[in-house]
Each structure stands twice: as C-alpha cells, then as structure tokens.
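Me: Could you walk me through this protein structure step by step? I am new to reading models like this.

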Amino acid sequence: MKQQANLIRAGQVIEHEGRRWTVLKQQIITPGKGGAFIQVEMRDLKTGNKTNERWRTADTVERLMTEDREYLYSYTDGDLLVLMDPESFEQLTVPLDLLGEQAPFIQDNMTINLHLVEGDPVGIDLPPQVTLEVVEADPVVKGQTASSSYKPAKLSNGVKTMVPPFIEAGERIVVRTEDGSYVERAKN
C-alpha cells in the first residue's frame, strides 16, 4: 500500500530498494530554506543493519501491512525471547532486539502484541504500563516538597527513573513502558 512519506511512523514496516525495513524513529525536519523532509531511522528485517533515509514529505513509500497476534512471554534464552501462543500453546522465538529500549520492562506471563509480515516477526508492543518495585530512592530534602520536584529512584528491573518525593524504597509504582516515566503509585 502506497503512503506519503510524512505519514511514516515508528513501528511500521516499509519496502525500500527491494528490501523490507522496520521504522525505528522518524523526524520531520523543516529547514529555514527549502521544503520539509522526513528523516527515518530503520532496520533491515533480514540482516538487522540500521540505516537513515531522507524523503521529501510529498514522496511516496510502499508500506507493508502487518498482522497483529497476541502471545504470552515465557522466558529469555540468550538474545531470543520465547513466546507462547495462548490458544495453541505453540512456542515461537523472536530476537530480543525487536523490543529495543523497552526490553527491561518485559515480565513473566506478560501478554504482548507481536507484529508479523508474511509470518516473520517485525515488531513487539508491550502493554503501555507496568507495575514495578522501587529498590532505591534518594531521601527527601527538607523543604523540597514546596515545589513539584522529583528525585531519582532505581526500579527492580534496573531502570532509573524520577519519582515524586513521597515515594520510598520498597513501594510499588506504575511506570510507562515507552520511556520508564512515573505514572502513579500501584493500587494493590
């Protein structure tokens, strides 16, 4: 399916120069002189090589349609994720690097959305939020609560994030899987 280059988004799969690419990042750049263009960072599905490409916003690219299927995360085996189909209980292995920066947020028995193009895995979506425990949190500085300030904390998965001053070590919080940012205290 043809689409304009300015509609390219991260996670899409496109065909370019006879190869399939998954889009990692995109940025529309409007220089002071001349027309706008889109800068796209993408990864070759077969070789795993990354490249950057530029298109004018009016150019068209071939977008491949993906099939989305839900799987359960079982475990990680080296640099492979082992997933299970919840209906047929068949196991599927996919490369860990499909997760990118979201890899630390995957949890046992988590339901994930796998994107497939002609049966080949090309992308993974995690749930938008996960609940994790705070293992380290800096102490509150007296008088710091007057303004809305955040302090650094380390989560049980090793990711560092900023949390409000009232969050202590040992508490469970909800964070976004997209960027690891604090959402709220866990309700349970």
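Me: Into which domains is the chain divided?
Reply: Happy to help, and keep in mind that this is a predicted model. Going along the chain, the division gives domain 1 (2-64), domain 2 (67-125) and domain 3 (129-185).

Me: Let's begin with domain 1. In what order do the six strands of the open sheet stand?
Reply: The pairing in this six-strand sheet is antiparallel. From one strand to the next, the twist averages 50°. Read across the sheet, the order is β1-β6-β2-β3-β4-β5.

Me: Why do β1 and β5 each have one side without a neighbour in that sheet?
Reply: Look at the two ends of the order β1-β6-β2-β3-β4-β5. One side of β1 (2-4) and one side of β5 (50-56) is left without a neighbour, because each of these strands stands at an edge with a single partner strand.

Me: Which residue of β3 is the bridge partner of Val13?
Reply: Start with the two strands: β2 covers residues 13-16 and β3 covers residues 19-29. They pair in the antiparallel sense over four bridges. Within β3, the partner of Val13 is Thr22.

Me: Which residues does Asp59 touch, leaving out those up to four places away in sequence?
Reply: Asp59 sits in the loop between β5 and β6 (60-64). Asn6 is 53 residues away from Asp59 along the chain, yet their C-alpha atoms are separated by 8.1 Å. The residues that Asp59 touches are Gln3, Gln4 and Ala5.

Me: Now for the second sheet. Which strands stand at the edges of β9-β8-β7-β10-β11?
Reply: Here five strands form an open sheet with antiparallel pairing. A strand at the edge has a single partner strand, so one of its sides lacks a neighbour in the sheet; the strands in that position are β9 (91-95) and β11 (120-125).

Me: How far are neighbouring strands of this sheet turned against each other on average?
Reply: The sheet in question has the order β9-β8-β7-β10-β11. With direction ignored, the average turn between its neighbouring strands is 45°.

Me: Which residue in β8 stands opposite Tyr75?
Reply: Strand β7 spans residues 67-77 and strand β8 spans residues 80-84. The two pair in the antiparallel sense over five bridges. Opposite Tyr75, in β8, stands Val82.

Me: What percentage of residues 68-122 is strand?
Reply: UniProt, in an unreviewed entry, places the feature "domain: Translation elongation factor P/YeiP central" at these residues. The end C-alpha atoms of the stretch are 10 Å apart. Its helix content is 0%, while the strand content is 55%.

Me: Finally, how much area do domain 2 and domain 3 bury between them?
Reply: The centres of the two domains, taken over C-alpha atoms, are separated by 28 Å. Five residues of domain 2 are in contact with 10 residues of domain 3, and zero salt bridges are found across the interface. Carbon and sulfur atoms carry 62% of the buried area, which is about 580 Å².

Terms used:
Residues numbered from 1 in each chain as written. Predicted model: local features only at pLDDT ≥ 70, side-chain atom pairs only at ≥ 80, totals over all residues. Heavy atoms only, no water. Pairing = 2+ DSSP bridges. Axes fitted to C-alpha atoms, helices over the stretch in contact; angles between N-to-C directions. UniProt positions renumbered as here; feature names shortened; annotations may be inferred. Domains from an automatic or database assignment. Contact = heavy atoms within 4.5 Å. Buried area = accessible area lost by both parts, 1.4 Å probe. Salt bridge = Lys/Arg side-chain N within 4 Å of Asp/Glu carboxyl O.
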